[in-house]
Amino acid sequence: MSATTIASLPALAQALPLVEDEIRALATSSTLPALNASAGRVTSAGGKRLRSVLVLSSALALTGEITAEVITAAACVELLHAGSLVHDDLVDGAARRRGVRTVDEEWGTGHAVLVGDFMLVRAGQAALEGISAHAAAKLAAATADLVEGQVLESLELFDAHRDPDSALRSIALKTGALFRVGCVLAAHCAEADEETATRLAEYGAHFGLLFQLLDDLLDLASTAQRLGRPVGEDIRQGVYTFPLLRALTPAQRTLLDERGSALTDAEVADLLAELRTGPLVPETLAYCANLAAQTVEALPALPEGEALGVLREFPAAYLAWATSQLTP
């Protein structure tokens with residue numbers, strides 16, 4: 001989502017800082033300064049805030065306005081996402097995220113578990129108090145999906161024979177659920193009819209899948225300089241993703257079978273170089289282009305306007321951005 005697109009929707013540009021303020025307030029709402037410091041640092045690290053943009057744009061497309069409830073919905077989804085990242089870093093043993101030491105690395109495993117828990121629970125509490133019991137229940141269901149997706153991924157670590165469909169299911173649960181629930185909450189705040197809410201949820205789920213597949217591709221076919229983070233991390237951590245599994249040659253699969261967690265940085269670099277000369281990039285981009293089209297097709301009938309235009313353009317725009325980050 002470009003700054004130009006956001007600027008074309010003044011209501012969206014004005015609402016995003018309000019979402020940021022609410023995220024910060026929720027993350028630092030504990031009576032314990034140590035907890036506030038940890039959670040506050042996680043949420044202040046930034047990010048694309050694509051989930052917020054999706055919630056806000058959906059609300060604008062549905063009703064033409066962004067209410068306080070919609071702001072809370074966007075903040076809750078972002079806080080849930082941030083809390084899940086704290087737990088992800090624990091599972092992955094990550095020392096840094098976006099160039100900053102992780103909570104686990106800075107304060108220890110026990111503290112990180114509790115910080116992540118606090119953020120997840122606070123998101124649900126804010127949805128209950130600021131929107132409705134129905135909204136809190138939807139957020140809780142998304143949290144359960146997220147956990148199931150993470151567990152499924154953990155059970156298949158370092159499995160070079162992992163079924164690509166299983167990898168797809170994992171990210172549909174882990175990532176798709178959060179984008180989906182954002183659209184569900186936007187529809188709920190707008191009091192949309194059931195068919196509209198269902199189709200908008202499908203749009204969010206598809207976009208979440210598209211987002212994660214492109215992120216997985218960038219980890220394999222971009223550079224640390226472009227992304228601002230190391231590449232090849234999924235391979236090092238044993239997370240063999242959908243794009244990787246579809247592109248592996250028999251020899252590359254054997255390498256992962258035999259070396260797995262013992263792969264050296266040089267071996268990872270060589271494997272990435274090989275993958276980039278094969279079908280990995282064109283086949284994944286073709287798959288994602290088809291998925292982007294399906295995402296737009298899922299949109300319900302909504303009033304014509306700039307907000308609907310943003311939702312229509314969002315998948316292709318993100319695909320174009322990700323493509324621009326790939327190694328030439």
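Glu20, Arg49 and Glu78 are linked in a network of salt bridges. The model is a predicted one. One link of this network joins the side chains of glutamate 78 and arginine 49, at 3.8 Å from N to O. Glutamate 78 lies in helix α5 (residues 68-92), and arginine 49 in the loop between α3 (33-44) and α4 (50-63), so the pair ties together parts that are 29 residues apart in sequence. Glutamate 78 is buried, and arginine 49 is buried too.

In general, side chains of opposite charge can pair when their charged atoms come close. The structure holds ten salt bridges. A further one is formed by the side chains of arginine 162 and glutamate 156, with an N to O distance of 2.7 Å. Both arginine 162 and glutamate 156 are buried. Another salt bridge pairs arginine 24 with aspartate 21. The closest N and O atoms of arginine 24 and aspartate 21 are 3.1 Å apart. Both residues belong to helix α2 (residues 10-27). Arginine 24 and aspartate 21 are three residues apart, about one turn of the helix. Arginine 24 is partly exposed, because its relative accessibility of 43% falls between the 20% and 50% limits. Aspartate 21 is also partly exposed, at 42% relative accessibility.

The overall fold was examined next. The chain has 17 helices and two strands. Its C-alpha atoms fill a box of roughly 55 × 45 × 30 Å along the principal axes. For 328 residues, a compact globule would have a radius of gyration near 20 Å. The chain has 20 Å, so the value agrees with that of a compact globule. Of the 328 residues, 52% count as buried. Among contacts with a separation of 6 or more, 75% are between residues 24 or more positions apart. The chain exposes about 14000 Å². Carbon and sulfur atoms supply 55% of this area.

The interior contains a nonpolar core. The largest such core has 102 residues. The residues with the most contacts inside this core are Leu56, Met119, Leu139, Phe207, Ile235, Leu256 and Leu275. One of them, leucine 139, touches Cys76, Val77, Leu80 and Ala123. Leucine 139 also touches Gly124, Ala127, Val181 and Leu185. These partners leave out residues up to four places away in sequence.

Phe207 also appears among the contacts of phenylalanine 179. Phenylalanine 179 is found in helix α9. Phenylalanine 179 counts as buried because its relative accessibility is 1%, and the limit for burial is under 20%. Neighbours within four places in sequence aside, phenylalanine 179 is in contact with Leu50, Arg51 and Leu54. Its other partners are Gly204, Phe207, Gly208 and Phe211. The C-alpha atoms of phenylalanine 179 and alanine 201 are separated by 8.2 Å. Along the chain, phenylalanine 179 and alanine 201 are 22 residues apart.

Nonpolar side chains also occur on the surface. Val147, Val151 and Leu155 form a nonpolar patch there. Together, Val147, Val151 and Leu155 have about 290 Å² of accessible area. Valine 151 has its place in helix α8 (residues 133-155). Valine 151 is partly exposed, with a relative accessible area of 43%. This value is over the 30% needed for a patch residue, so valine 151 meets the accessibility criterion.

Two loop residues stand out by their backbone angles. Phenylalanine 158 has a positive phi of about 60°, although this residue is not a glycine. Phenylalanine 158 is found in the loop between α8 and α9 (164-189). Phenylalanine 158 is partly exposed, with a relative accessible area of 29%. Glutamate 191 has a phi near 55°, again a positive value in a residue other than glycine. Glutamate 191 lies in the loop between α9 and α10 (194-221). At 73% relative accessibility, glutamate 191 counts as exposed, because the limit for that class is over 50%.

Definitions and conventions
Residues are numbered from 1 along each chain as its sequence is written. This is a predicted model: local features need pLDDT of at least 70, side-chain atom pairs count only at pLDDT 80 or more; totals for chains, interfaces and linings use all residues. Side-chain values use heavy atoms; hydrogens and water are left out. Patches are made of residues with over 30% relative accessible area and no salt bridge: like charges are joined within 9 Å, nonpolar side chains (Val, Leu, Ile, Met, Phe, Trp, Tyr) within 5 Å. Accessible areas come from the Shrake-Rupley method with a 1.4 Å probe; for residues, only the protein chains shown count as cover. A salt bridge is a side-chain nitrogen of Lys or Arg within 4 Å of a carboxyl oxygen of Asp or Glu. Helices (H or I, at least four residues) and strands (E, at least two) are DSSP runs, numbered from the N terminus. Buried means under 20% relative accessible area, exposed over 50%, partly exposed in between (1.4 Å probe, protein chains only). A nonpolar core is a set of buried Ala, Val, Leu, Ile, Met, Phe, Trp, Tyr and Cys residues joined through side-chain atoms within 4.5 Å. Contact means heavy atoms within 4.5 Å. The radius of gyration is taken over C-alpha atoms; the globule rule is 2.2 Å times the number of residues to the power 0.38.
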